[in-house]
Structures are given as C-alpha cells and as structure tokens.
Amino acid sequence: MFTPRLRTVCGAAAALVCVALSSLARAEGTARAGAVRLDADGVLRWAADDRELAVFGVNYCLPSASDYRAAGRAGADRAELIRQDFLHFKRLGWDGVRLSFWGDWENSDADGALIANDHLDLLDRCLAEARRRGLLVLLSPIVVHSSLWPEYPEAPEVVGFSRRFKSAALAKDPAAIRAQARYLGELLRHVNPHTGVALKDEPALRLIELVNEPWYHSRDREGSTRYLDTLAGAVRETGWDGVVFANVSQDPGILPALQDSSVRGATFGWYPLGLLAGGELTCNRLRAVDAYPPLDDARLGGLARIVYEFDAADALDPTLYPAMARTLRGGGAQFMAMFSYDMLATAPANLGWRTHYLNLVYTPAKAVSAAIAAEVTRRVPRGADFGSYPANSRFDSFRIDPRARSAELNAPDAFMHTGDTATLPVEPERLRLIVGVGSSPVATYGGLGAYFIDRLGPGRWRLELYPDAAPVGDPFRAEPRPEPVVSRLVWRERPMTLRLRGLGSDFTVAPLNAGNAHRARAFDGTFAARPGVYLLYSGAEPARGELPAEVDGLPLDAFVCPGPTGGEPVVWPAPVLRGTEGAPLPVRVNLVADQSPAEAWIEWHAGDEATRRAPLRAEAGFAWTAMLPADETPVGDFHWRVGIRQNGGVGSREGVRWFPATGSWVGNNIARNAPLPCLGLSDLGPARLLVSRDRPGVKSPKAAVLPAGEGGPARLRIDFAASTKPVDPDGAPAVECGIAAGFAGRAEHRSARDGWRFKVRGDVGGGRLAVRLVEADGTTWRATLAVAGDWADRELKSDDFRAVPLILLPGMYPNGADHRPAPALGRGGPGDGPRAPELERVQFQLAPSPEGAGASAGGWVEIAAIELVSER
C-alpha cells in the first residue's frame, strides 16, 4: 500500500537510477510504454515493463469552447496550430497532455448522441498528434461548465445534454445519466479519420476522467456509486482497457462512494494561489505550495492519483512549477497537467484563460520552469519528502532561488536554468541536454529567449534559439487592455558564447531550419547568434546523412516561431525610484524597442531646481541602468523621466523620445532616520489587495482604496461582515495588501528593534484589529491594535508581535483545503522578531473577543498609513 509522505533519501546510486529512468522516459515516452495498468496498491504502471508512471504535461483546449473561439479571433489555422503547439510540448520534454473536451455541449445532442463537426475533428487531430509525439493522453470528455463562457455568444448549434440539464442534475437525473453513458460509448467507438483507429483503440489514450469537476450528491452514497459505475461501465463496454478516474477535489465527500464503485482512480485540481487575482502576483509564494493536503487523505488507499489540472495562477514566477511538481510527487501523483497552455497564435495577447499564461515562445522563463518541473516529476520518487520551505529549496538535483526568480536542474545528463546562474554543471563531460534563459558557465547570452542545446555526438551539437520575448503589459490584468499585446517578440542578433565539451573554442554555426541563411564562425567560443536551429561542429562539415533525423522525437530541423511583433518603444512596467538620504539611488528601467537605442539617459529635478541628467547603460535583455549620486538626489519627492535617441548624431535632438511621453514619474527619497512608509496606497492594484473567499458561515471582507477627500486622507477601507462562526485567529476572514514598492531596499539598514506606526480609525464593536506582518519566507508575525472612530496614530513595537501561521489568501481552489504554513525553519523563537527588509505583505483581520473564540459582530476599519519608525 502506498504511504503518503514516505521520506526518501536518494544516494548516489539511486540518483543515477533516477537519471537513467528519466532519460529513458524522455526519449521513448508512451510510444514504447503502450498500455497502462493499475496494480493492487493503486499504483499506475506501464504494462510493458512494470515501470511506475511519472508523467508531466499540460491541458490543451483548442478543439472547443473559449480557446476554439480565441484561435478563430487570432485568424489561426487551427489544425496547423495543433501541430505547432505539440512540437513545442515535445521540445519542452513534456510527456502527457490532458484534452478537456466540451463534447457534452458542442458534440452531442440533448440525448447524448455524438455529433461529428469541426470540434470533433480537432480532437481527432490532437489525438493523432499526441501519438506522433509520444504523449500520454488524459481525456475529460464531459466538462459540465458552459462552453459559451466567458463571452456567452449566441450559439444555436450548441445543443448538447449539458445545455439541457443543469450541472446538479447530471449525477442525479436518470435521463441525464443515460445521455452521458450514450455519449461516452459513441465517442469512444468513433473512428478517428486521421489515424484510422477508433478512440477506444487509440494507444495514446490510456486515461479517462469521466467528468470534469462534477456536481456530486455525495451524501447519497449508494446513488453516487451507481452513477460512477454507470459511466465507467459505458466506457468499458466499448472495449477500451485503460484506467478510469473520477474527480475528488471538487467534493472529497465522494470518496466513500468512489471506494464502493468500480472506478479505481482519483483526480485532483490545485490552484494554491487562487484564481483571477486581476493582476500579476509578485511576492514569494513558495510557502503556498509546500503542501497539498487532499493527496494525504487516508481514504485514498488503493486509488491511483493524478492531478488533472494545476497552476500558479496569475504568476510568472519560474520557481513555482518545480516546487509544485515536488509537492505533488510527494503526495503520490503520477500524472499532472498544468492548466492551460496558451496556443502560439493567441499567446501574444493572452487571449485564452486570462488567469493563466504559459507558452514556450512568449513566456520563456516560465516555460523552461515547466520543463524543469517535468524533470522533477520523472526524477523525484513518488512519496519523497524534502521538508518545508526554505529547506526544500534544494532537493534531489534541483535548486530554487526566489530572490533570483530562478529554478535549476543540475544532473549528469541535463543542465537547465530559468535565469542567470553561476552554478557549475556537476558532470559537464556527460551533458547531453542544456536548456536555459540567460547565462551560465556553459552559455553566456544576454537575450530573453529560451535556448536548447542537444548533443548529437562527439564534437557535434544542435542549438535551438528563440527570439527575445519582452513583456509589455500585465497578462493577468482584469480591465480591458488598450494595447492587446502583452509579450512582444524582438528578433535581434546578440553575441553568444558556448563552452561545450568536445566542441572546442573555434567552431562553425551552420543553419538547419528552413529559410535560415545565418551562418557564423565562433572564435574563443563566441559568435553572432540569431533565432533559429543550428548545427555546431568543429572541423569538416558533416553530411546531412551523417546526422540523426530526429532529436528526442523532434525533427532535426524543426523550428516553429512567429516573426517579430513590432511596435513603438515602450518602458514597462512603470519604474519605481525610492531611496534613502545619503545613499546612491540605483535606477533600472526596461526599455523594449525593436532596435537598441543609440543613447539613453535619465533626467530628474525637484521643484524649481535645475534638471540633472545621467546616462543609462544597456544591460542584458532590455534593461538599462544608472546610479544617481547620493549628493545629487534631493530629499523628498522629485520628478524624473527617461529619454532615448534612436538616430542622428550623439547628443543631437533628432529621433529623441521621452518616457512617459508627457509629464513625468514621481520618485522619492526619505530623510535619514525618518519614518519609512510601507503602505503604498497607489501601488494597491487588484493583485496587491487580496481578500479571503466566503466559507460556510463566514462572509468575505470587502476592501477598497478610497481617495482623499471629505472623508479623510487616501486610505484602505475594510468592511468585516458579521460571522455566525467562531473567530479563528489564524484563519479567514482576512485581507492582504502588498508592501509599498521599494520599501525593502530602503529598510535594509533599519534596526530589528524598530517599531510600527499605524494611522487608523474604525469601529469593530469594542474589539481589536489584528495586524500580521508577512516576510518573504512566509514567516508571519501577529499583534493587535485598538481602533476608534477618529483618526489616531497607534504604535506597535517589534516585541509586541508573535510568530503565527501564515494565512494563504485568497485561498486554494478548489475546495479551499486548509493549509496554514508555520514560520520558516529556525524562525519565530526567542529573540526573533519581524525583519523589516524581508517584509512583503501585511494582513488584517478582526481579533477574537477577549473571552475567547466567539461569533463576530463585524465592523469596519480604515488605514491611511503604516510606517516603520526607527528608535535611533
């Protein structure tokens, strides 16, 4: 029987076994493995050799619903788009794909009869492409949620049974159950014209999840068992011999009925950061992915466990996917699929699921992190436990560094990294695959595109290089975007230096992909690099027949990438300049332009003072930096802007552009030892103001930033609803706001004994306001404040705070599994206290009544300022 959280220590021999199995799985995939079986302990195994499944993949939704429509709006050839995207899946080393198919809406009639149309044809094409690329398929043929979301267009052709029956009726109404059974049978007996094989006989289709996120009636155990058995029976009656799964995470109460049924697999969804934050989440969220409690449910004994969809939604942080894969493997998951991959044609504007964003070309660092997560899935044993963050930031052959937003794999056969790294490969002579963004001891490259370097043989390597992907907007923004493109492709020639065993320092770079005429010669390992696919070799050029036709299942010359996006120069995001009197002020701006400006500079002034100017220096990617001298930066607010010259002589006015185009940005320098503002009300966009979700008997607070006016200064307003449940000092309801941008750097030299000043007012029924300071490692400190109806300054000393568990906001989806991380290892003990430079977030909640945990009458508070006050 599988035991969750089996502590595993891999020695050198075990590590080599993990490497061997990972390489085998990556190279041969499902094409070799064939059928899947379930053993007596609920472990999925390849029937051919009894290896355990360990599969990482993505959800792909192009055949139906909103992604189908999005591809149409982008003017894409959907069939060609499938071919392109599946090539990228293989390039990233993924070995699975979940096809979530709205056939219950778009490919059936009201009684469940299968309808053949374009949606079905595209599903067939996906299955054919999955087989061609050696990907294991998990099919979810009944989605339940409306295929018309979010636009809800007029669609008289959508007549499926899920439009006829409400979600709650699907698991209860006999007519609805008959329709589902009929549809499942007819779909699996359908012959795919692109393979000539019925879906029931498709070798890539080995896993079926009966219904995506169903509305169960779990209290009716007997009826629920009949429902599961009916649908599973309809699948098996076709002759399909894979493994059937049923969703558990939507309603864990279904587990007794599931155990009574013939279904032996359980599926889970995991969104630890919630969904639809309204903007990019930027704080360190690794504590949120330390644990996934539903996989540890003792009632899962004997059931196979897969994760049908998961994501670190609304985040581009490349450390999260490997950490999530580590946690899911620890819980016993054998198949996990990120939701949802952005199609190549829709990715520039993130036209798909707004709260998700992943594409090889347009989000390269995040995509490489998903490639690393696939390696975590294959290399980390099922049930392995590496402890909690930050101790688990190094595990097996992997390393996660949230400060550098970097994830790495450093194994004898593969070296992968999501950003610049100084890590030395453990065995460079054995490397066969290098995947990266940025620079490392193996490759020095200042571009922002991903690259893949495959060893073909002694002295021969294949380089696949993608163009710079430059962010020019927030892909998760809630409001309509004036500029539809959020990631822009810029094709530039940049120097690249490679240090590869057997290649030497002087070698030839010869183009392989169609239409690529760029050929270069490397001297001392450095050459001019352009996007494309290249053969790297020393000595005489090998004949094409001497080279392999494929590399890891990809054609040798395969390269799928759009051309340059084009557009006017832009500075994004709006830079923040905040410093402290007496210290130089660093400036860093991201300036995206098709061609690098000939000259760039910063201008600044305060009040009527003369304008000063300093040159900006080009760094890697699109970054430009400067350091403003301490004696030239005024105390208090100052105005500044960026200028560039695109042509004309140096110093001339020809071709000059300003950012912002009109007006200026406002910077700030705090006087030495003055109170340090850490609540930036102007910074509190949707993703920096998070609110807990409703729970039974507990309503969510309401929070908003109110402008200055007759009601007082600009302030954060929180309304706490009355609760019928006891107040939980370490749980919801709560509100979280991000700390002012630039605070941590200015707080660097503050004393650990500093205090905190709050400008606050409110009415909480005689209670108190609980304040929780959250550091980057998740360590949380709690103290309480008295509030009254008039504005007052309230102070808390560091000694007033006590270490408490972190509240994860807005809460995990689905089912809000309760996970409250303790302070980081070694934190919270005697003598410890809040560390101002590490502060990232502040949380507010109502404190329990003095008598103990009782129901709350609710109330309101307004916070106009939070300041760090020095005792010096």
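**Exercise 1. Asn-410**

Task: Decide whether Asn-410 is buried or exposed in this predicted model, and find a polar partner for its side chain.

Solution:
- Start with the location: Asn-410 sits in strand β15, which covers residues 406–410.
- Next, look at its relative accessible area, which is 13%. Buried means under 20%, so Asn-410 is buried.
- Finally, search around the side chain. One of its polar atoms lies 2.9 Å from the backbone oxygen of Leu-424.

**Exercise 2. A helix and its ends**

Task: Check what span helix α5 should have, and describe what is found at its ends.

Solution:
- Helix α5 runs through residues 118–132, which makes 15 residues.
- The expected span is 1.5 Å times one less than the number of residues. For α5 this gives 21 Å, and because the end C-alpha atoms are 21 Å apart, the expectation agrees with the model.
- Now visit the N-terminal end. Asn-117 acts as a cap there, with a side-chain oxygen 3.2 Å from the backbone nitrogen of His-119.
- After the helix comes Gly-134, with a positive phi near 70 degrees.
- Buried residues of α5 include His-119, Leu-120, Leu-123, Cys-126, Leu-127 and Ala-130. As a reminder, an α-helix has 3.6 residues a turn, so residues three or four places apart point the same way.

**Exercise 3. Two helix pairs**

Task: How are α3 and α5 oriented towards each other, and how are α10 and α11?

Solution:
- Take α3 (residues 78–91) and α5 to begin with. They pack at an angle of about 25 degrees, and their axes are 10 Å apart.
- Angles under 35 degrees count as roughly parallel, so α3 and α5 are roughly parallel to each other. Their crossing is right-handed.
- Move on to α10 (residues 320–330) and α11 (residues 364–379). Their axes come within 7 Å and cross at roughly 20 degrees.
- By the same cut-off, α10 and α11 are therefore roughly parallel. The crossing of α10 past α11 is right-handed.

**Exercise 4. Strand β19 and its partners**

Task: Which strands pair with β19, and where does Ile-453 fit in?

Solution:
- Strand β19 spans residues 451–457, and six of its seven residues are buried, so the rest of the structure largely encloses it.
- One partner is β17 (residues 433–436), joined to β19 by four bridges in the antiparallel sense. Here Ile-434 has Ile-453 as its bridge partner in β19.
- Stay with Ile-434 for a moment: it belongs to β17, and with 0% relative accessibility it counts as buried. Pro-548 is 114 residues away from Ile-434 in sequence, and their C-alpha atoms are 18 Å apart.
- Another partner is β20 (residues 460–465), which runs antiparallel to β19 over six bridges. Across this pairing, Ile-453 stands opposite Leu-463.
- Look at the connection, too. β19 and β20 form a hairpin with two residues between them, and Gly-459 in the turn has a positive phi of about 75 degrees.

**Exercise 5. Reading two sheets**

Task: Trace the strand order of a four-stranded sheet and of a six-stranded one, and name the edge strands.

Solution:
- The open sheet of four strands has the order β30-β32-β36-β35, with antiparallel pairing. At its edges stand β30 (570–571) and β35 (617–618); each has a single partner strand, so one side of each lacks a neighbour in the sheet.
- Inside this sheet, β32 (residues 585–592) and β36 (residues 623–628) are joined by six bridges. Val-589 finds its bridge partner in Trp-624 of β36.
- The open sheet of six strands follows the order β41-β44-β50-β46-β47-β49, again antiparallel. Its edge strands are β41 (689–691) and β49 (802–804), each pairing on one side only. On average, neighbouring strands here are turned by 30 degrees against each other, direction ignored.
- Within it, β46 (residues 768–775) pairs with β47 (residues 780–786) over seven bridges. Val-771 has Ala-783 as its bridge partner in β47.

**Exercise 6. A loop glycine**

Task: Where is Gly-302, and how far is it from Gly-745?

Solution:
- Gly-302 lies in the loop between β10 (265–270) and β11 (304–310).
- Its relative accessibility is 14%, so Gly-302 counts as buried.
- Gly-302 and Gly-745 are 443 residues apart in sequence, and 51 Å separate their C-alpha atoms.

Methods
Residues are numbered from 1 along each chain as its sequence is written. This is a predicted model: local features need pLDDT of at least 70, side-chain atom pairs count only at pLDDT 80 or more; totals for chains, interfaces and linings use all residues. Side-chain values use heavy atoms; hydrogens and water are left out. Two strands pair if DSSP finds at least two bridges between them. Axes are lines fitted to C-alpha atoms, for helices over the stretch in contact, and angles run from 0 to 180 degrees between N-to-C directions. Buried means under 20% relative accessible area, exposed over 50%, partly exposed in between (1.4 Å probe, protein chains only). A polar contact is a pair of N or O atoms within 3.5 Å; within protein, one must be able to donate a hydrogen and the other to accept it, and residues adjacent in sequence count only if both atoms are side-chain atoms. Angles under 35 degrees count as roughly parallel, over 145 as roughly antiparallel, 65 to 115 as roughly perpendicular and the rest as oblique. A crossing is left-handed if the near helix is turned anticlockwise from the far one by less than a right angle, and right-handed if clockwise.
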